[in-house]
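Open your viewer, switch to a cartoon view and keep the selection box handy. We'll go from stop to stop, and at each one you'll get something to select and something to look for.

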Amino acid sequence: MHMILTKFKEKLPKGFSYPIGAEKISAGLASAPQLENLVLNFWHKDEFWASSYNERIKQKKPLKIIEIRYQNPTAGISSPQHMIEAGYYSPSWLIYVYAAPKEYLSEIKEQLANVALPEMEKWLNQVGLTEEKISMVKSYIYDPCSKKLTERV
């Protein structure tokens, strides 16, 4: 089995955990044609501003848990040559996994395995290795009130 490369994994504060690891994601997306092109990133928060994120946690508002993103940026006339050479304008397939409070993990893990990963694998097989589009995103959020992991539309 091909293991998806992990590019970044942020250290988590007490009380948080990642709901899924590289091995399970790799196994869950095993038939995807992009498998060897995917790169994993593990982040603590699904947004930059800690105060806003912490407030959402306190209010039990939805949290983004996982996202697959395809980016195919185009270099323009003002694009720096060193960034072009470094690959910043190359197509890329990225997976972001976001941490969740430990109290939500059992529901999230089950729904990731049974719902999100199979749907993501199906989506990746449908879109294929296309480089026509500039970007595509598929993400799932967890609502602590309903205890449901759903696709973000």
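Which loop does Pro73 lie in? Select Pro73 and you'll land in the loop between β4 and α3 (81–85). Before going on, some ground rules: this is a predicted model, where local features need pLDDT of at least 70 and side-chain atom pairs count only at pLDDT 80 or more, while totals for chains, interfaces and linings use all residues. Residues are numbered from 1 along each chain as its sequence is written, and side-chain values use heavy atoms, with hydrogens and water left out.

**Stop 1: Pro73**

Stay on Pro73 and colour by accessibility if you can. Pro73 counts as partly exposed, because its relative accessibility is 28% (buried means under 20% relative accessible area, exposed over 50%, and partly exposed in between, with a 1.4 Å probe and protein chains only). Now show its contacts, meaning heavy atoms within 4.5 Å. Leaving out residues up to four places away in sequence, Pro73 touches Tyr88, Tyr89 and Ser90. Try a distance too: from the C-alpha of Pro73 to that of Ile95 is 17 Å, with their positions 22 residues apart in sequence.

**Stop 2: the whole chain**

Zoom out. You should find four helices and eight strands (helices are DSSP runs of H or I with at least four residues, strands are runs of E with at least two, and both are numbered from the N terminus). Walking from the N terminus, the order is β-β-α-β-α-β-α-β-β-α-β-β. The radius of gyration is 16 Å, close to the 15 Å that the globule rule gives for 153 residues, so the chain is as compact as a globular protein of that length. That radius is taken over C-alpha atoms, and the rule is 2.2 Å times the number of residues to the power 0.38. If you draw a box around the C-alpha atoms along the principal axes, it comes to roughly 45 × 35 × 25 Å.

How much of the chain is buried? Of its 153 residues, 40% count as buried. Among contacts with a separation of 6 or more, 74% are between residues 24 or more positions apart.

**Stop 3: strand β3 and its partners**

Select residues 38–43. This is β3, and five of its six residues are buried. Add residues 5–9, which make up β1: β1 and β3 pair in the parallel sense over four bridges (two strands pair if DSSP finds at least two bridges between them). Look for Phe8, which stands opposite Asn41 in β3.

Next add residues 92–98, strand β5. β3 and β5 run parallel and are joined by six bridges. Two pairs to pick out are Val39 with Leu94 in β5 and Trp43 with Tyr98 in β5.

**Stop 4: strand β5 from the other side**

Keep β5 selected. Six of its seven residues are buried. Now bring in β4: six bridges join β4 to β5, and these two run antiparallel. Click Arg69, and you'll see that its bridge partner in β5 is Leu94. As you turn the view, remember that in a regular strand the side chains alternate between the two faces of the sheet.

**Stop 5: Ile4**

Where is Ile4 placed? Go to the segment before β1 and you'll find Ile4 there. Ile4 is buried, because its relative accessible area is 3%. Show what surrounds Ile4: beyond residues up to four places away, its contacts include Ala22, Ile25, Leu29, Val39 and Ile95. Leu38 is 34 residues along the chain from Ile4, and their C-alpha atoms are separated by 6.1 Å.

**Stop 6: Arg56 and Lys60**

Select residues 50–58, helix α2, and pick Arg56 in it. Is Arg56 buried or exposed? Arg56 counts as buried, because its relative accessibility is 18%. With residues up to four places away set aside, Arg56 touches Asp46, Glu47, Lys61, Pro62 and Leu63.

Now slide along to Lys60, in the loop between α2 and β4 (63–71). Lys60 counts as partly exposed, since its relative accessibility is 39%. Apart from neighbours within four places in sequence, Lys60 is in contact with Glu103, Tyr104, Asp143, Pro144 and Cys145. For a last distance, go from Lys60 to Leu149: they are 89 residues apart along the chain, with 14 Å between their C-alpha atoms.
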